[in-house]
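User: I've just opened this one up and I'm new to it. Could you walk me through it with a few questions and answers?

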Amino acid sequence: MKLQTQRFIDRWVGQLLCAAVSAWVRFTGLWSAPATLDTQAKNILVILLSEMGSIVLAGPMFAALRRQYPGAAIHILQLKKNQEVSKLLSLTEPEHMHTLDDSSGGALIADILKVSLAMRRLGLDAVIDCELFSRVSALLSFSTGAPVRAGFTPHTQEGLYRGSFINHAIPYNPYQHISKQFLSLVDALQSPQGMPRNRAGAIRDIPAEPELSVAFTPTELETYRSKVETDHPVTRDRPLVLVYAGGGILPERAWPASHYARVVQGLCAAGYAVGLIGLKDDAILARDLQAQVGHEACLNLTGYTKSIRELLMLMHASALLITNDGGPSHFATVTPIQTMVFFGPETGKLYGPLGKRTIILESGIACSPCLTAYNHRLTFCDGDNQCLKRIAPDPVLDQALAYLRTRTEAASV
């Protein structure tokens with residue numbers, strides 16, 4: 001199902017359903033006195049339907065849940081296409097991972113009914129809805145039958161109605177990093193207050209690291225590195241730099257291809273190999289960049305990695321990642337690779353990768369950032385993303401080369 005179709009249904013049908021459920025809750029008295037979650041809770045569901053990168057940013061939240069509710073089974077509800085990341089990061093046991101298939105309207109409705117019935121049979125103690133202003137996730141949190149329901153509320157914001165049945169709600173704060181707000185949802189489970197003034201999580205800080213890891217053996221990493229060198233002999237004598245130039249489902253997040261070409265040319269001239277990564281859909285962009293660069297050390301690696309796990313092994317074998325805001329920048333945080341990430345329509349202050357190995361590149365012009373939960377992440381620049389176009393390529397190249405030289409010097413000591 002197309003993204004715009006999903007948004008349309010969620011906005012118009014979702015609001016009507018949320019209003020109906022809210023009225024029914026008030027009429028039946030189900031709203032009264034929301035209980036706090038017992039520390040001996042047995043089953044907690046986390047609804048996390050967003051992009052794959054958000055799963056990594058939710059790592060500290062899952063760690064906090066495990067610490068505060070050690071006896072609870074943590075269940076996760078995701079879109080089917082995003083489940084690979086949760087399995088790789090071992091966020092919970094495979095049998096506690098549940099999915100929704102959004103490839104068609106019929107498949108989505110069928111899975112919603114299936115999951116709702118399964119959660120009611122399970123007997124959930126609580127549900128955490130990590131989506132910002134999605135009505136379908138709010139309705140799902142209610143349909144599971146969980147007595148404690150934590151999620152975001154728009155408070156007094158107009159046009160973002162999602163019902164009044166989330167009984168442990170916190171206002172979404174557009175000035176705080178999303179990882180900190182996910183942590184606040186965990187705190188909200190213990191707050192006796194109802195919506196919308198829950199101040200839970202005020203003292204939590206953004207964690208220094210994502211609190212997630214993926215285990216690789218030295219043999220596994222060396223075998224993969226040898227495979228890369230065999231498949232692409234130029235990487236035997238040149239350190240590998242990875243570049244993700246695609247914009248994913250939000251093309252306005254992409255730094256201009258001509259800027260990338262300039263940086264890649266400079267890196268190749270300085271003795272580095274550059275691998276252009278991405279999905280198969282990014283192959284056309286990668287071929288265009290190769291043609292602009294015109295150097296044998298510029299490699300088209302789109303579709304080369306067959307899984308997220310392989311992508312992480314490729315990162316282990318590389319010296320630097322230069323990327324647009326998106327999944328690769330967050331996956332990199334569970335590897336040793338240094339990352340340079342472009343932000344413009346969105347901001348690193350809210351969605352920047354966790355950890356100390358990330359350099360955020362932003363222009364800071366007045367209209368940036370423009371994509372928020374309040375405008376459904378729809379930009380008003382009509383694709384003319386000046387916030388990114390104004391980040392000149394030569395300073396980025398200089399910064400990348402400076403880091404790579406420092407890395408080489410440190411390795412030789």
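Here are some questions about this predicted model, each with a short answer.

User: What average pLDDT does the protein have?

Analyst: Good place to start, as this is a predicted model. Of the residues, 95% score at least 70. Watch out for residues 194–198, though, where pLDDT stays under 50. Taken over the protein, the average pLDDT is 90.

User: In what order do the 6 strands of the open sheet come?

Analyst: The pairing in this sheet is parallel. Strand 2 (residues 73–79), for instance, is joined to strand 3 by 4 bridges, and one bridge partner pair there is Leu 79 with Leu 100. Across the open sheet, the order is 3-2-1-4-5-6.

User: Why is one side of strand 3 and of strand 6 left without a neighbour in the sheet?

Analyst: Look at where the order 3-2-1-4-5-6 begins and ends. Strand 3 (97–100) and strand 6 (168–171) each have a single partner strand, so one side of each has no neighbour in the sheet. The reason is their place: they stand at the edges.

User: Which helix packs on the sheet at about 170 degrees to strand 1?

Analyst: Don't mix it up with helix 7 (residues 178–188), which lies across strands 4, 5 and 6 and runs at about 150 degrees to strand 6. The one you want touches strand 1 (43–47), strand 2 and strand 4 (126–129). That's helix 3, residues 59–68.

User: Is Asn 324 buried or exposed?

Analyst: Asn 324 sits in strand 10 (residues 320–324). Leaving aside neighbours within four places in sequence, its contacts include Tyr 244, Trp 255, Tyr 260 and Phe 342. Its relative accessibility is 0%, and buried means under 20%, so Asn 324 counts as buried.

User: Which backbone oxygens does the side chain of Asn 324 reach at 2.9 Å?

Analyst: Two residues on its contact list are Ala 245 and Gly 246. The side chain gets to the backbone oxygen of Ala 245 at 2.9 Å, and to that of Gly 246 at 2.9 Å too. So the names you're after, going by the 3.5 Å limit for a polar contact, are Ala 245 and Gly 246.

User: Which residues have the most contacts inside the largest nonpolar core?

Analyst: In soluble globular proteins, nonpolar side chains tend to be buried together. Here the largest such core has 103 residues, and apart from it lies another of 14, among them Leu 45 and Leu 108. Inside the largest one, the residues with the most contacts are Leu 267 and Ile 322.

Methods: Residues numbered from 1 in each chain as written. Predicted model: local features only at pLDDT ≥ 70, side-chain atom pairs only at ≥ 80, totals over all residues. Heavy atoms only, no water. pLDDT = per-residue confidence, 0-100. Contact = heavy atoms within 4.5 Å. Helix = DSSP H or I, 4+ residues; strand = E, 2+ residues; numbered from the N terminus. Buried < 20%, exposed > 50% of the residue type's maximum accessible area, 1.4 Å probe, protein only. Polar contact = N/O pair within 3.5 Å; in protein donor to acceptor, adjacent residues only side chain to side chain. Pairing = 2+ DSSP bridges. Axes fitted to C-alpha atoms, helices over the stretch in contact; angles between N-to-C directions. Core = buried A, V, L, I, M, F, W, Y, C linked by side-chain atoms within 4.5 Å.
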